Amino acid sequence: AVSNGESGSGYAGAVAFDHFVDLGDTVDTWTVAADYTSEDYATLSNPLGENSTSWAFSGAYTRRFSVNWQGNLTGTYRLSHRPDIPAAYSINAFTTYRITPQWTAQFGVQYVDFGDSNLPGLRQDGVGLLFGLTWQPGFD
């Protein structure tokens, strides 16, 4: 990532905490993070060179129910540098099941709320569903 301003004018920082609990047959993990990104910090794929997100707070919980099955809950809350872009949040829940060593199925649901914005393209709140079937070749 690069800054769109003069050299050294954009910056980003994050702090995170991960907690892992091995319960024998199952595993629990928690992650919380806070990220700050300056307005002049932009990625190479950003054609405007502008970063509207200032703070992002996120958390995740994962439970491995068995060797083949795990579930995840995640959430993110984002604040903007711009007063015309309201705070936004997303909540996700999904599960992954390994059918065989080569095949995995994933199911999930996501809810996103972009706040009360009148900007074009930001009124896409709602629910999304996920279904995935993945094949990975064996390496034996």
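The following dialogue goes through assignments in a predicted model and the values behind them.

Student: What is the strand order of the open sheet, and how do the strands pair?

Tutor: The 7 strands follow the order 2-3-5-6-7-8-9, and their pairing is antiparallel. From one strand to the next, the twist averages 10 degrees.

Student: Why is one side of strand 2 and of strand 9 left without a neighbour in the sheet?

Tutor: Strand 2 (12-22) and strand 9 (126-135) each have a single partner strand, so they stand at the edges.

Student: How do you know that strand 2 and strand 3 pair?

Tutor: A pair requires at least two bridges. Strand 2 and strand 3 (residues 27-37) are joined by 11 bridges, so they count as paired. The two run antiparallel, and Asp22 stands opposite Val27 of strand 3.

Student: Why is Thr62 called buried?

Tutor: The relative accessible area of Thr62 is 17%, and buried means under 20%, so the term applies. Thr62 belongs to strand 5 (residues 53-64). Beyond four places in sequence, Thr62 touches Val27, Asp28, Thr29, Gln70, Gly71 and Asn72.

Student: What makes the approach of the Thr62 and Asn72 side chains a polar contact?

Tutor: The side chains come to 2.7 Å, and the limit for a pair of N or O atoms is 3.5 Å. The pair therefore falls within the cut-off.

Student: Is Ser54 buried or exposed, and how do you know?

Tutor: Ser54 has 8% relative accessibility, under the 20% limit, so Ser54 counts as buried. Ser54 also lies in strand 5. Leaving out neighbours within four places in sequence, the contacts of Ser54 are Asp35, Tyr36, Thr37, Leu79, Ser80 and His81. The C-alpha atoms of Ser54 and Ala12 are separated by 9.3 Å, with the two positions 42 residues apart along the chain.

Student: How many aromatic pairs does the whole structure hold, and why is the pair of Trp30 and Tyr61 called tilted?

Tutor: The search finds 7 aromatic pairs. For Trp30 and Tyr61 the centres are 5.7 Å apart, within the 6.5 Å limit, so the rings pair. Their planes make 40 degrees, which is neither under 30 nor over 60, so the pair is tilted. Trp30 is in strand 3 and Tyr61 in strand 5, 31 residues apart.

Student: What makes Trp30 and Tyr61 partly exposed?

Tutor: Partly exposed covers what lies between buried, under 20%, and exposed, over 50%. Trp30 is at 37% and Tyr61 at 25%, so both fall in that range.

Student: Why is the pair of Trp55 and Phe57 stacked?

Tutor: The ring centres of Trp55 and Phe57 are 5.6 Å apart and the planes stand at 5 degrees, under the 30 degree limit, so the pair is stacked. Trp55, at 35% relative accessibility, and Phe57, at 36%, are each partly exposed. Ring pairs link these two with Tyr11 and Tyr36 into a cluster.

Student: How do you know that Asp28 and Arg63 form a salt bridge?

Tutor: The N to O distance is 2.3 Å and the cut-off is 4 Å, so the pair of Asp28 and Arg63 qualifies. The count for the structure is 1 salt bridge.

Student: What does this pair tie together?

Tutor: Asp28 lies in strand 3 and Arg63 in strand 5, so the pair joins parts 35 residues apart in sequence. Asp28 is buried at 7% relative accessibility, whereas Arg63 is partly exposed at 24%.

Note on methods. Residues are numbered from 1 along each chain as its sequence is written. This is a predicted model: local features need pLDDT of at least 70, side-chain atom pairs count only at pLDDT 80 or more; totals for chains, interfaces and linings use all residues. Side-chain values use heavy atoms; hydrogens and water are left out. Helices (H or I, at least four residues) and strands (E, at least two) are DSSP runs, numbered from the N terminus. Axes are lines fitted to C-alpha atoms, for helices over the stretch in contact, and angles run from 0 to 180 degrees between N-to-C directions. Buried means under 20% relative accessible area, exposed over 50%, partly exposed in between (1.4 Å probe, protein chains only). A polar contact is a pair of N or O atoms within 3.5 Å; within protein, one must be able to donate a hydrogen and the other to accept it, and residues adjacent in sequence count only if both atoms are side-chain atoms. Contact means heavy atoms within 4.5 Å. Rings of Phe, Tyr and Trp (its six-membered ring) pair if their centres lie within 6.5 Å; planes under 30 degrees apart count as stacked, over 60 as edge-to-face and the rest as tilted. A salt bridge is a side-chain nitrogen of Lys or Arg within 4 Å of a carboxyl oxygen of Asp or Glu.
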